[in-house]
Every structure is written in structure tokens, then in C-alpha cells.
Amino acid sequence: MSREEIRALVLTQLGRIAPEADLAALPDSALLREELELDSMDFLHFATALHDALGVDIPESDYEHIASLRGCVDYLSARKAR
């Protein structure tokens, strides 16, 4: 799966969690919880949705790696490459 495909999947999952968000304007460096006003349950649902869609385990200790759009894509790309 390419980085572009992973990025599109991440944005799709974010759109399900925060449907009112303008994801097209979301900078890669933005912190997702702050930019999209996600609470801890929203973020947990996001991490779970990524796991379900990609089959990648994301332990809570790694949540800091998926905190931004760029970080999330980097993390998932690296995990899928294993």
C-alpha cells in the first residue's frame, strides 16, 4: 500500500470521526486532536478504525506517533512495510 493510499485511508477514517472537519485544508503537521477537536474517545475510535482497516496494531504507547497527519502516515507506512 502506497503512502498516498494510506493518507487517503487516514483522511477517510478522520472524516468518519469528525464529519464536520474540512480535511482538505488539514495541514500535514497539524495535531489531529487539537485541529479536529477530538476527545480521547474519538482518538481511540480513530486508532481502532485504522487497525481494522489496515490490520496494524497501534498500542496506546504509540499514539504519540499518530498525533499528526504526517506522523500517522509515516507510522502506518513503516508498520505496513514490516
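**Figure 1. The start of helix H3, where Asp39 meets Met41.** In this predicted model, a side-chain oxygen of aspartate 39 comes to within 3.1 Å of the backbone nitrogen of methionine 41, right at the start of H3. At the other end, H3 is followed by glycine 55. The phi angle of glycine 55 is positive, near 70°.

**Figure 2. Helix H3, with its buried face.** Let's check the length of H3 to begin with. It has 15 residues, and at 1.5 Å a residue they should span 21 Å. The C-alpha atoms at the two ends of H3 are 21 Å apart, so the model agrees with the expectation. Now, which residues of H3 are buried? They are Phe43, Phe46, Ala47, Ala49, Leu50 and Leu54. Looking down the axis of H3, you'd find these buried residues within an arc of 160°, so they line one face of the helix. Here's a handy rule to go with that picture: an α-helix has 3.6 residues a turn, so residues three or four places apart point the same way. And what covers the buried residues of H3? The cover includes H1, helix H2 (32-35) and H4.

**Figure 3. Phe46 and the largest nonpolar core.** This core has 26 residues. Those touching the most other members are Val10, Leu14, Leu26, Phe46, Ile66 and Leu76. Three helices each supply at least two residues of the core: H1 (3-17), H3 (40-54) and H4 (69-81). Zoom in on phenylalanine 46 and, once you leave aside its neighbours within four places in sequence, you'll see it in contact with Val10, Gln13, Leu14, Ile17, Leu32, Ile66 and Cys72. There's a general trend to keep in mind here: in soluble globular proteins, nonpolar side chains tend to be buried together.

**Figure 4. Leu9 and Ala53, a contact between two helices.** Leucine 9 is found in helix H1, while alanine 53 has its place in helix H3. Are they buried or partly exposed? Leucine 9 has a relative accessible area of 17%, which is under the 20% cut-off, so it is buried. Alanine 53, at 39% relative accessibility, counts as partly exposed because that value lies between 20% and 50%. Not counting residues up to four places away in sequence, leucine 9 touches Leu50, Ala53 and Leu54. On the same basis, alanine 53 touches Leu9 and Gln13. Two C-alpha distances help you find your way around. Leucine 9 and arginine 33 are 24 residues apart along the chain, and their C-alpha atoms are separated by 17 Å. Alanine 53 and threonine 12 are 41 residues apart along the chain, with 10 Å between their C-alpha atoms.

**Figure 5. Helix H4 and what covers it.** The length check works for this helix too. H4 has 13 residues, which should span 18 Å at 1.5 Å a residue. Its end C-alpha atoms are 18 Å apart, in agreement with that. The buried residues of H4 are Leu69, Gly71, Cys72, Val73, Tyr75, Leu76 and Ser77. Among the elements covering them are H1, H2 and H3.

**Figure 6. Two loop residues, Ser68 and Glu37.** Serine 68 sits in the loop between H3 and H4, and glutamate 37 is found in the loop between H2 and H3. Which of the words buried and exposed fits each one? Serine 68 is buried, because its relative accessible area of 15% is under 20%. Glutamate 37 counts as exposed, because its relative accessibility of 70% is over 50%. Leaving aside neighbours within four places in sequence, serine 68 is in contact with Asp28, Ser29, Ala30, Leu31 and Leu32. As for glutamate 37, have a look at its backbone: phi is near 55°, a positive value in a residue other than glycine.

**Figure 7. Stepping back to the whole chain.** The chain has 4 helices and 0 strands, and its elements run α-α-α-α from the N terminus on. Along its principal axes, the C-alpha trace spans about 35 × 25 × 20 Å. For 82 residues, a compact globule would have a radius of gyration near 12 Å, and the chain agrees with its 11 Å. Buried residues make up 39% of the 82 residues. Finally, take the contacts between residues at least 6 apart in sequence: 51% of them join residues at least 24 apart.

How values were computed: Residues are numbered from 1 along each chain as its sequence is written. This is a predicted model: local features need pLDDT of at least 70, side-chain atom pairs count only at pLDDT 80 or more; totals for chains, interfaces and linings use all residues. Side-chain values use heavy atoms; hydrogens and water are left out. A nonpolar core is a set of buried Ala, Val, Leu, Ile, Met, Phe, Trp, Tyr and Cys residues joined through side-chain atoms within 4.5 Å. Buried means under 20% relative accessible area, exposed over 50%, partly exposed in between (1.4 Å probe, protein chains only). Contact means heavy atoms within 4.5 Å. The expected span of a helix is 1.5 Å times one less than its number of residues. The arc is that of the directions from the helix axis to the C-beta atoms. A polar contact is a pair of N or O atoms within 3.5 Å; within protein, one must be able to donate a hydrogen and the other to accept it, and residues adjacent in sequence count only if both atoms are side-chain atoms. The radius of gyration is taken over C-alpha atoms; the globule rule is 2.2 Å times the number of residues to the power 0.38.
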